[in-house]
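User: Please examine the structure shown below and answer a series of questions about its salt bridges, its second pocket and its backbone.

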Amino acid sequence: MHTAEQVTLARLPSGRRVETTIHRYGTGDGPTLYVQAAQHGREINGTELLRRLHDRLTAPDAADLSGTLIAVPVADPLTFDRVSYTTPEPIDSAAPNMNRCWPGDAEGSIHERMAARLWAEAGEADAIVDLHTGSPEMLTHTVYLRGDDDSRRLAEAFGTDLLLAEAAGADADDEWDTRDFDGKLRVAATREGIPSITPELGSNKQLGEAAIETGLDGLLGVCRGLGLLDGAPEPWDGTRARNHLGRVRASDSGLFVVGESVELGMAVESGAAFGTVYEPTSYEPLQEPTADRAGIVYSIAREATVTAGQTLVGIAERLPAAEQNG
Ligand SMILES: [Zn+2]
């Protein structure tokens, strides 16, 4: 069974309504999975993979789900229309990034109201998948709250090779507070006891076939893991690492020429060389950035004009062996 409902998320100054479509599949008997895409509007691969999932679930020979799937292909139409990550200041100066204001506030700013409307669905679910995509310079991975076993199992069912465990609150680094990370949908939901994951698929702004297929396989794995579909997810055999650690930053501004052998997904030891930052007018080498720890390269600044303090290379540090098997 499938229904599609158009809902109003908020109202703009002109009176125009911000609307989106909420799809529901299944019988209602069994667990509920809430999936949304494009709360960062330029991250469109999730939107496309939900269309493909829709085609599968509504095919004439499709088995009905043992439970309910709620899917929101465009969670933030405001950023979707702008192909952007955040909204301009006049629309929401309080919360320009929708993924910093969950579970929202029905009487708050525009993004807070939008989040509150979607939370009315998500907050009742038994599991949540918030689909995002990184830049083409980022390795596909799935983030879950470190120490939350149900969310970890959900991430394993989704099945990307790299899982990043994100520390929260007092265990986290300064960035947690300064960037309002506790307002992410995944974090707010996990704290409410709803297992939640954030897959970061590849190539935002572009429809990447590999990203779409990874995400579609991932959602089918999650549906199997929750019992919405028959069968079990593929056994997971990847790497668990820590999120927001191991950022190699530019010590000065210039042009970053990445070393030839440096590529996403490679394992590096502490001290590995990543290339050179040059002063572009004098050709003077300013920095030869190196790995500050052993791990897996999961992001590389390929947009080469870099500013002091910017992350040049992200290194995911493997979790201790005890947590690899947990
Ligand atoms: Zn995002």
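The questions and answers below concern this predicted model.

User: How many salt bridges does a search of the whole structure find?
Analyst: The search counts a side-chain nitrogen of Lys or Arg within 4 Å of a carboxyl oxygen of Asp or Glu. Applied to the whole structure, the number of salt bridges found is 16.

User: Which residue forms a salt bridge with Arg-52, and is Arg-52 buried or partly exposed?
Analyst: The partner is Glu-48, and the closest N and O atoms of the pair are 2.8 Å apart. The two residues lie four residues apart in helix H1 (residues 45-57), so about one helical turn separates them. Glu-48 counts as buried because its relative accessibility is 12%. For Arg-52 the relative accessible area is 22%, and Arg-52, the partner of Glu-48, is therefore partly exposed.

User: Which residues are joined into one network by salt bridges that share partners?
Analyst: The Arg-52 to Glu-48 salt bridge has both of its residues in a wider network. Salt bridges with shared partners make up this network, whose members are Glu-48, Arg-51, Arg-52, Asp-55, Glu-209 and Glu-213.

User: Which residue of helix H4 forms a salt bridge with Glu-156?
Analyst: The closest N and O atoms of this pair are 3.1 Å apart. Both residues are buried. They are four residues apart in H4, so the separation is about one helical turn. The partner of Glu-156 is Arg-152.

User: Which residue meets Glu-166 in a salt bridge, and where does that residue lie?
Analyst: The side chains of Glu-166 and Lys-184 meet with an N to O distance of 3.3 Å. This pair links distant parts of the chain, 18 residues apart, with Glu-166 in strand E7 (residues 162-166). Both Glu-166 and Lys-184 are buried. The partner is Lys-184, in the loop between helix H5 (174-178) and helix H6 (185-191).

User: How far from Asp-76 is the nearest side chain of opposite charge?
Analyst: Asp-76 is found in the loop between strand E4 (68-72) and helix H2 (77-82). Beyond its neighbours within four places in sequence, Asp-76 is in contact with Ala-38, Gln-39, Met-98, His-111 and Met-114. Although buried, Asp-76 has no salt bridge, as a salt bridge needs a separation within 4 Å. The nearest side chain of opposite charge is that of Arg-82, at 7.1 Å.

User: Which helix gives the most to the lining of the second largest pocket?
Analyst: This pocket holds about 250 Å³ of space and is lined by 16 residues, with Ala-157, Phe-158, Gly-159, Thr-160 and Glu-234 nearest its centre. By class, the lining has five nonpolar, five polar and six charged residues. Helix H4 (149-158) and helix H7 (209-226) each supply at least two lining residues. The most, five residues, comes from H7.

User: How many of the 10 residues of H4 are buried, and which residue just after H4 takes a positive phi?
Analyst: H4 is mostly covered, with seven of its 10 residues buried. Among them are Leu-154, Ala-157 and Phe-158. Just after H4, a positive phi of about 90° is taken by Gly-159.

User: Is Ala-38 buried or exposed, and is Tyr-283 buried or exposed?
Analyst: Most residues other than glycine have a negative phi. Ala-38, in the loop between strand E3 (32-37) and H1, has a positive phi of about 60°. Tyr-283, in the loop between strand E13 (275-278) and strand E14 (285-287), has a positive phi near 70°. By relative accessible area, Ala-38 at 0% is buried, whereas Tyr-283 at 63% is exposed.

User: Which peptide bond is cis, with omega near 5°?
Analyst: Most peptide bonds are trans. The cis bond leads into Pro-103, a residue of the loop between H2 and helix H3 (110-122). It is the bond from Trp-102 to Pro-103.

User: What distance separates the C-alpha atoms of Ile-296 and Glu-317?
Analyst: Ile-296 is found in strand E15 (residues 295-300) and counts as buried because its relative accessibility is 8%. Among the residues Ile-296 touches are Leu-139, Thr-239, Ala-316 and Arg-318. Ile-296 and Glu-317 are 21 residues apart along the chain, and their C-alpha atoms are separated by 6.6 Å.

How values were computed: Residues are numbered from 1 along each chain as its sequence is written. This is a predicted model: local features need pLDDT of at least 70, side-chain atom pairs count only at pLDDT 80 or more; totals for chains, interfaces and linings use all residues. Side-chain values use heavy atoms; hydrogens and water are left out. Buried means under 20% relative accessible area, exposed over 50%, partly exposed in between (1.4 Å probe, protein chains only). Lys and Arg count as positive and Asp and Glu as negative; His and the chain ends are not counted. Contact means heavy atoms within 4.5 Å. On a 1 Å grid over the protein atoms alone, a cavity is a set of points where a 1.4 Å probe fits but cannot get out, and a pocket is an open set with protein on both sides within 12 Å along at least five of seven lines; lining residues have an atom within 4 Å of a point. Grid points are joined across faces, edges and corners, and a volume is the space filled by probe spheres set on the points. Ala, Val, Leu, Ile, Met, Phe, Trp, Tyr, Cys and Pro count as nonpolar, Asp, Glu, Lys and Arg as charged, and the others, Gly among them, as polar.
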